[in-house]
Amino acid sequence: MLSTREELEAYSDHPSGFLALNSGNQYYRHPGTRGVISYRESGRYLVVFGGVTAPPGADHDGLLDGFIAYAAGRRRRIVAIQVPLADAPSYAERGFTVNQVGASYARSLDKFSLGGAKYMRLRNKISRAVRAGLEVSEVDLAGAQAELDAVDRPWLKAKGVLVKEITFLIGERTGEYAKDRRLFVGRLDGQTIGYITYSPVYGSRPGWLHDLTRRHPDAPPGVMETINSTAITALRAEGCAWLHLGFTPFVGLDPGHALPGGSRLVDRIVTFLSRHGEHVYPAQSQLAYKEKWGVDVVLPEYVAFQGSPRPGAVWRLLRVTNSI
C-alpha cells in the first residue's frame, strides 16, 4: 500500500494538495480503492481538506462514497473546503450544497520574465530592496526555526491581539514533511526580516506552491517580492514548470463556475466578504500581490456542505482553520 505521501504524489492534481500532510490531519482509505481523503474531526463534523485524492472514475467515486458511509456510521456530517472544480460535481451529485468560495492562482515559468512595462513597478520595488542591502538565499528549513520564530512573533503581534495564525489551509514549517519543503529568507545586516516557504505540487501542473509568507513589520518594501523573484530564478534554473501562488478566499468568483443546487445565501455572504470583508481577511491585498506576477491560470475552489449549510458546519470550519 502506498503511503499518504506517495498517494499524493501519484494522484493529487490540487495546487495545495501537499498541505494534506499537515500535522494533525487524519486520513480515510476505503478497501479496494486507491487514494485518500484528508480531514480533521471537530465536534460532530468531519472537515475535509482539498476534496478526494484518487484516480478518476471508480476509485474516486468509491472512496468518496465510502467516506460518506463512514461518516454516517459514526453519526458525523461532512463539510469540505478547497474542493477543486474536478471534484465539486461529485459532491453535488451526492446531495452536498456546493458553492465557490475563492480561487487558486498559478503562473507558468517556462517563458517567465520581469521584462517590459507590465512589470516596471515590480522591478523598481525589487531594486529598492536590493539597494537597501537585502540579501536573499535558500537555506535549510530544519536549521532555521529559531530565526523564523523571530520573524513570526512580531508579524503576528502586528496583526492584533485577537488575531490567530490560520491553520489547516496553509502549510507549516515543522512536522514530518518539513524536509520536503523549501525555504528562501531575506536578511538585512545579517538579520532575517522575511521568508517564504515553498511546497511541492504534483499533477497536471507540477511545480512549487508559494506557501507560508512572513515579513517583519519593520522590513522595507519589496522584501517579499525580492525573495519570490530569487526563488523563481532558482526554480526556473531547475526546469520547474509552474509556480502556484495558492488559494485566496472571496476572490476570483465567477457565476459561470456555479453548480446546480448551490446556496444563494452562501453566494451572497461570499460576495459581501469579497467586497467589504478586508477587515475579516485581506483577500484583495493578497490577490493584488499574486497578480503582480502575471498569473495565467485561475482555478475555482469550493466549499461543500453535506445537505444544506448549517451554522454548526460553518462554526466547525472556522474552528479547524483557527479563524476564531
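1. Gln-82 has its place in strand E4, which covers residues 77-84. The model under review is a predicted one, and the backbone at this position deserves a remark. Phi of Gln-82 is near 60°, a positive value in a residue other than glycine. Gln-82 counts as buried because its relative accessibility is 0%, and buried means under 20%.

2. A second residue with positive phi is Asp-189, with a value of about 55° although Asp-189 is not a glycine. Where does Asp-189 lie? Asp-189 is in the loop between E7 and strand E8, the latter being residues 191-201. Asp-189 counts as exposed, since its relative accessibility is 80% and the cut-off for exposed is over 50%. The two positions may thus be set side by side: Gln-82 is buried in its surroundings, whereas Asp-189 is exposed.

3. On the overall architecture, the protein contains 9 helices and 11 strands. The C-alpha atoms fill a box of roughly 60 × 45 × 40 Å, taken along the principal axes. For 324 residues, a compact globule would have a radius of gyration near 20 Å, and the value for the protein is 20 Å, so the two agree.

4. Burial and surface may be taken together. Of the 324 residues, 50% count as buried. The accessible surface of the protein comes to about 15,000 Å². Carbon and sulfur atoms hold 54% of that surface.

5. Long-range contacts are a further point. Among contacts with a separation of 6 or more, 75% are made by residues 24 or more positions apart. As for charge, the protein has 39 positive and 32 negative charges, and the mean positions of the two sets are 7 Å apart.

6. How many aromatic pairs does a search of the whole structure find? The search finds 10 aromatic pairs. One of them joins Tyr-28 and Tyr-70, whose ring centres are 5.2 Å apart with 35° between the planes, a tilted arrangement. The pair links distant parts of the chain, 42 residues apart: Tyr-28 belongs to strand E1 (residues 26-28) and Tyr-70 to helix H2 (residues 58-73). Tyr-28 is buried, with a relative accessible area of 10%, while Tyr-70 counts as partly exposed at 28% relative accessibility.

7. Another aromatic pair is formed by Phe-49 and Phe-168. Their ring centres are 5.7 Å apart and their planes meet at 70°, so the pair is edge-to-face, the cut-off for that class being over 60 degrees. Phe-49 lies in strand E3 (residues 45-53), and Phe-168 lies in the loop between helix H5 (145-158) and strand E7 (182-188), so the pair ties together parts 119 residues apart in sequence. Both Phe-49 and Phe-168 are buried.

8. Which residues form one aromatic cluster with Tyr-28 and Tyr-70? Tyr-39 and Phe-67 join Tyr-28 and Tyr-70 in one aromatic cluster.

9. Helix H2 also holds Ile-68. Is Ile-68 buried or exposed? Ile-68 is buried, because its relative accessible area of 17% falls under the 20% limit. Leaving out residues up to four places away in sequence, Ile-68 touches Ile-78, Arg-94, Phe-96 and Gln-306. For one of these partners, Ile-78, the separation from Ile-68 is 10 residues along the chain and 7.6 Å between C-alpha atoms.

10. Ile-126 has its place in helix H4, residues 120-131. Ile-126 is buried, with a relative accessible area of 11%. Apart from neighbours within four places in sequence, Ile-126 is in contact with Leu-114, Glu-225, Thr-226 and Ser-229. With respect to Pro-217, Ile-126 is 91 residues away in sequence, and the C-alpha to C-alpha distance is 18 Å.

11. The last point concerns Asp-13, found in the loop between helix H1 (4-11) and E1. Which residues does Asp-13 touch, not counting those up to four places away in sequence? The partners are Tyr-202, Gly-203, Ser-204 and Arg-205. The C-alpha atoms of Asp-13 and Ile-78 are separated by 22 Å, with their positions 65 residues apart along the chain.

Terms used: Residues numbered from 1 in each chain as written. Predicted model: local features only at pLDDT ≥ 70, side-chain atom pairs only at ≥ 80, totals over all residues. Heavy atoms only, no water. Helix = DSSP H or I, 4+ residues; strand = E, 2+ residues; numbered from the N terminus. Rg over C-alpha atoms; globule rule 2.2 N^0.38 Å. Buried < 20%, exposed > 50% of the residue type's maximum accessible area, 1.4 Å probe, protein only. Contact = heavy atoms within 4.5 Å. Areas by Shrake-Rupley, 256 points an atom, 1.4 Å probe, with all protein chains shown as cover. Lys, Arg positive; Asp, Glu negative; His and termini not counted. Charge placed at Lys NZ, Arg CZ, Asp CG, Glu CD. Phe/Tyr/Trp six-rings, centres within 6.5 Å; stacked < 30°, edge-to-face > 60°.
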